[in-house]
Amino acid sequence: MEHDGASAERPLAAEPAAAPPSDAVGPVPAAAAEVFGTQLPRAERFVSHLASTGISWGLVGPREVPRLWDRHVLNCAVLTDLIDQDARVVDIGSGAGLPGLTIALRRPDLTVVLVEPLLRRATWLERVVADLGLRTVTVRRARAEELHGSEQADYVTARAVASLDRLAQWGLPLLRPNGQLLALKGRSAEEEVARTARAVAAAGGVSTDVVSVGAGVVEPPVTVVRVRVAAGRTGAAPAGKPPGAAGSARRRGGPRPGRRPPAH
Ligand SMILES: C[S@@+](CC[C@H](N)C(=O)[O-])C[C@H]1O[C@@H](n2cnc3c(N)ncnc32)[C@H](O)[C@@H]1O
């Protein structure tokens with residue numbers, strides 16, 4: 001979603017913490033109330049950040065402002081339809097918090113880790129998370145592959161970060177047994193799945209499907225590639241923790257163990 005040149009590190013010129021609403025954003029769509037419910041005021045504030053410091057910090061292209069709600073925030077938020085209650089989610093390549101922050105905003109039951117390697121983007125994310133008061137969200141400034149062995153989740157999400165084979169290599173080792181990679185993709189998702197099948201399997205994917213979410217909320221609905229890892233996989237857990245112990249308990253409705261990520 002970044003505009004040209006946004007990948008270069010720049011001075012942190014403005015504080016995201018006092019984002020004024022931008023007129024260009026337009027009215028809040030009716031679907032936003034349905035999607036965010038009681039969290040709508042926070043979602044509106046997030047959109048204000050995107051439309052102000054998101055642009056001045058180079059995370060959002062100015063031309064995206066009129067379509068922030070539909071094309072970005074709502075499109076990403078409907079991904080939560082595929083996520084179980086109380087799960088831990090690692091969003092890799094969060095950029096301006098897409099989809100990670102929309103997931104956290106829509107689903108306060110989830111624990112969300114935003115993984116973003118670039119200093120400017122990670123700093124912006126930290127400040128926006130603090131301003132929104134999102135205690136369920138942690139920002140980790142890292143490349144996803146640097147977190148193998150130190151981070152684990154029930155779901156890994158990504159939008160516009162890399163091809164599916166690379167996402168599988170970066171993301172599948174972060175998953176607990178039975179975990180899922182959820183990659184927002186476009187119309188060529190089926191073709192990409194076929195083209196990368198061998199690499200995805202080599203990275204640990206045991207089944208892949210393409211699903212559609214958000215019908216009736218966003219038009220067109222969102223295409224998601226879903227890659228599952230095996231129930232009995234081993235090797236990705238931090239030392240001393242049995243892989244998947246926490247995730248399995250949660251899916252059975254068991255108690256939720258302490259799952260804050262290690263300090264970084
Ligand atoms: C095109 S942006 C997409 C940002 C956001 N997901 C969105 O949809 O607007 C890609 C992001 O992935 C990040 N990225 C690139 N390689 C990465 C890696 N190996 N691990 C984690 N993030 C990565 C970049 O820093 C950048 O913020």
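## Close-up views of a predicted model

**View 1. Strand β4 and the partners beside it.** Valine 89 stands opposite tyrosine 155, a residue of β4. The model you are looking at is predicted. This pair belongs to a region where β1 and β4 run together in the parallel sense, joined over 3 bridges. β4 also pairs with β5, again in the parallel sense, and here there are 6 bridges. One of the matched pairs is alanine 158 with its bridge partner in β5, alanine 183. To get from β4 to β5 the chain passes through α7, and this β-α-β crossover is right-handed.

**View 2. Aspartate 154, a residue inside β4.** Find aspartate 154 in strand β4. Is aspartate 154 buried or exposed? It has 26 C-beta neighbours inside 10 Å, so it counts as buried. The strand around it fits this picture: β4 is mostly covered, with 7 of its 7 residues buried. Look next for glycine 179, which is 25 residues away from aspartate 154 along the chain. In space, the C-alpha atoms of aspartate 154 and glycine 179 are separated by 4.6 Å.

**View 3. The whole sheet, strand by strand.** How many strands form the open sheet? There are 7, in the order β3-β2-β1-β4-β5-β7-β6, and their pairing is mixed. β3 (137-140) and β6 stand at the edges with a single partner strand each, so one side of each has no neighbour in the sheet. On average, neighbouring strands here are turned by 20 degrees against each other, direction ignored. Helix α8 (residues 189-202) lies across β5 (175-185), β6 and β7. This helix runs at about 160 degrees to β6.

**View 4. From β1 through β2 to the edge strand β3.** β1 pairs with strand β2 (residues 111-115) in the parallel sense over 5 bridges. Here valine 90 stands opposite valine 113 in β2. Valine 113 also has a bridge partner in β3, namely threonine 138. The pairing of β2 with β3 is parallel too, over 4 bridges. Between these two strands the chain travels through helix α6 (residues 119-132), making a right-handed β-α-β crossover. Now follow the side chains of β3: Val137 and Val139 point one way, while Thr138 and Arg140 point the other way. Val137, Thr138, Val139 and Arg140 are all buried. In a regular strand, side chains alternate between the two faces of the sheet.

**View 5. The nonpolar core and helix α4.** The largest nonpolar core has 69 residues. Which residues have the most contacts inside it? They are Leu79, Val156, Leu181 and Ala183. The element that gives the most to this core is α4, with 6 residues. Valine 156 is a good place to zoom in: leaving aside its neighbours within four places in sequence, it is in contact with Val90, Ile92, Gly171, Leu174, Leu175 and Leu181. Helix α4 (68-77) is mostly covered, with 8 of its 10 residues buried. Among the buried ones are Leu68, Trp69, His72 and Cys76. The buried residues of α4 pack against α1 (30-36), α2 (40-51), α5, β4 and β7.

**View 6. Two cis peptide bonds.** Start at leucine 98 and proline 99, where the connecting peptide bond is cis, with omega near 10 degrees. Proline 99 sits in the loop between β1 (88-92) and α5 (100-106). A cis peptide bond also joins glutamate 219 and proline 220, with omega of about -5 degrees. Where is proline 220 found? It is in the loop between β6 (205-213) and β7 (222-229).

**View 7. Two loop residues with positive phi.** Aspartate 86 is not a glycine, yet its phi is positive, at about 65 degrees. It is placed in the loop between α4 and β1. Because aspartate 86 has 19 C-beta neighbours inside 10 Å, it counts as partly exposed. Alanine 160 also has a positive phi without being a glycine, with a value of about 55 degrees. Look for alanine 160 in the loop between β4 (153-159) and α7 (164-171). It has 14 C-beta neighbours inside 10 Å and therefore counts as partly exposed.

How values were computed
Residues are numbered from 1 along each chain as its sequence is written. This is a predicted model: local features need pLDDT of at least 70, side-chain atom pairs count only at pLDDT 80 or more; totals for chains, interfaces and linings use all residues. A residue is buried if 20 or more other C-beta atoms lie within 10 Å of its own, exposed if 12 or fewer, and partly exposed in between; C-beta atoms are placed from the backbone. Two strands pair if DSSP finds at least two bridges between them. Axes are lines fitted to C-alpha atoms, for helices over the stretch in contact, and angles run from 0 to 180 degrees between N-to-C directions. Two residues are in contact if their C-beta atoms, placed from the backbone, lie within 7 Å. A nonpolar core is a set of buried Ala, Val, Leu, Ile, Met, Phe, Trp, Tyr and Cys residues joined through C-beta atoms within 7 Å. A crossover is right-handed if, with the strands pointing away from the viewer, the path from the first strand over the helix to the second runs clockwise.
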